[in-house]
Amino acid sequence: MNAPSMALLRAFSPVWRAESLPWVARGCQWQQKAPFSSTEQRMAKKGRGEKKDMRITLIRYHLQHPLTPRPLRFSRNRALRHWTIHRAWRLYQTQLRLNRQLELERQYNSMAAACEALRLTDNHGLTAEDRMKLGGGGGAGDEAAAAGAEGREMGRLYRIAMLKDGVWEGAPIEYARIQTESPPREGWNHAWTR
Amino acid sequence: MALDRSAGRLARCIRCTRHERTLPIRTFTTTAPSRLETQETQASSEPPPPPAGATTDAPKPRLRDPNTVSTRAAEQQLIQHQRITPVGSRRRRAAIASTSNIPFSELPYQCFQEARAVLQADRKQKLEHIRVQRERIERFKAKDVAPQDEAHKEKKVADMRRRLEEQKILADINDPVVKRKFEDGEGDLNKPIYRLLADRQWRSYRRTLLLQRITQMNVVPDVLPAIDPVVSTALSFAGKRVQHGDFVDSRMSELAPSLQIQPYDKGKRLYTVVVVNPDVPNVQKDAFDYRCHFLASNIEISPTDTRVRLGLLGEEGQVILPWLPAYGQKGAPYQRMSMFVLEQAKSEGGGEFQTIDVAAVKAGGKYTQRHGFNLRSFVDKHLLKPVGVDLFRTKWDEGTAGVMQRAGIVGWDVEFKRKRVEPLPYKRMDSVRYR
């Protein structure tokens, strides 16, 4: 069986009062031992202390603000490992960006090649070279007639593909103007009429 | 006791729950506990006596290191027999116990190793690029071109070489071992990566400081019209380093200094070193003249061979004007001693550096006159290119008279004094026009 605790007695009874004060109250004994103030008199006066530089105040505020992250203090090996990982991460990000850029470039080139192929084909899907190979034996009059028809039909798909009708169908009309970084050289075309 | 009991709950909160009350609370200390110190000293001299609590006939407990114990039993032994708390976490102690001799690049940190794998793969790719680029250069050089396209071919080869150098640097720049070696000063300056890092370090502060000194003290428009330093210089008199532009005691500068010229691009080259004092007072014309204190040519410098002892250069092939001690006469203002490192011209093909014929220069006599030495003329005559600069200053001090006497320079007992400026008539006190 445990012995009964003396804690309550110690706290309240004058018999059990300790000689020394509890540690939280120790500071009370030491106050105002010196007969003089160690600071300047004007600093004690209210509102007339020395004016701190605003920059110092701000720096202290931001350095000691709890939201300020603590500075990175690493040992040498730790710092080198940190550096290694950082460099690898930067390298990886660079490679990603380059790959994306190359992919975009590849897509653009492929689209340009497709448009060029469309421009050179007629409605039968034949280029001029194909036609030469196939219809080499045709008469002269027929050829001239065919050339007129071909001229009309040649690249028809390309022209259709280049039409800009209805490309802004789903998008807000504000996006129809090409977004530029600076205003146009002449702000408004006053001469324009429908 | 009562305090222990009252602190019990708090302690349970602080403590790591894994240890299950076996370990007392450990507060943060930066110094080793006194018990640890005694234990270490005893361990070196004699086996420790058994602790007071233990019986004498018990077997002697093994000494444990608080940094490396990692099993629960070992921890118990450490606490009971040596009264020392283990340091840090058990995981950390186990890692320390097993990884003391592992080289840095093999440290078992997962993210670090992943990062190293990424960097290694990139380096492999870069090495492949370098190999391909080398082959390409060889193939291109072997190709025959029309005579009018020779210049174009030369230019293209130079471009390809530059790209190759860039690749070499990119292959190594991400290596932590390279970084560590460079920081320790163990970098091999024959390799392009260390040269690049050294150059960067020089340009980050010391070159800026040098430029500030030589522009503030007007060395640059006074002695030469302009300079863009690409080699770093360090001057030392009798083994003592002198900061750029510092005052040097005349007894220190009595003997020729040694100059460290550090180039940051590969290959050997020939330099001319000249020391010019642009502040020699000339009383007749009430102005200042130039004086050459040292002139030597054909000094071979490479990134790893950088030291030049100006007093030990060859008499025939190199030195044109031997070292004259720096001195400033009494009463004269301080005198700037500017040292220039000049790169000698390359021959027609662009490969070899031309040597300067020292005997011819001496015979010519124009540049063997110390007084009135014109560095601009010398540079133009020999097609030199200023690549480095250094500066120190001298003035009259207690040793100057002795230095001048020993060197046989006349005028050690001359003192310069300011000419009295007569006040203008209307400022004379006894004049009628004084007001």
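The following exchange concerns a predicted model and the packing of its chains A and B.

Visitor: How many residues of chain A are in contact with chain B, and which helix gives the largest share of that side?
Guide: On the other side of this contact are 14 residues of chain B, which meet 11 residues of chain A. By class, the side of chain A that touches chain B holds 7 nonpolar, 2 polar and 2 charged residues. The largest share of that side, 10 residues, comes from H5(A).

Visitor: Are H5(A) and H5(B) roughly parallel or oblique to each other?
Guide: Helix H5 of chain A, residues 76-119, packs against helix H5 of chain B, residues 110-142, with the axes 9 Å apart and at an angle of about 50°. Angles under 35 degrees would count as roughly parallel, and those from 65 to 115 as roughly perpendicular. The two helices H5(A) and H5(B) are therefore oblique.

Visitor: What is the handedness of the crossing of H5(A) and H5(B), and how many residues of their contact are nonpolar?
Guide: The crossing of these two helices, H5(A) and H5(B), is left-handed. Their contact involves, among others, Ile85(A), Ala88(A) and Leu91(A) of H5(A), together with residues of H5(B) including Phe112(B), Val118(B) and Leu119(B). Alongside 1 polar and 4 charged residues, the number of nonpolar residues in the contact of H5(A) with H5(B) is 9.

Visitor: In chain B, what percentage of the contacts between residues at least 6 apart in sequence join residues at least 24 apart?
Guide: Chain B has 12 helices and 10 strands, and buried residues make up 23% of its 435 residues. Among its contacts between residues at least 6 apart in sequence, the share joining residues at least 24 apart is 69%.

Conventions: Residues numbered from 1 in each chain as written. Chains lettered and ligands numbered in written order. Predicted model: local features only at pLDDT ≥ 70, side-chain atom pairs only at ≥ 80, totals over all residues. Helix = DSSP H or I, 4+ residues; strand = E, 2+ residues; numbered from the N terminus. Buried ≥ 20, exposed ≤ 12 C-beta atoms within 10 Å, placed from the backbone. Contact = placed C-beta atoms within 7 Å. Axes fitted to C-alpha atoms, helices over the stretch in contact; angles between N-to-C directions. Parallel < 35°, antiparallel > 145°, perpendicular 65-115°, else oblique. Left-handed = near helix turned anticlockwise from the far one by under 90°. Nonpolar A, V, L, I, M, F, W, Y, C, P; charged D, E, K, R; others polar.
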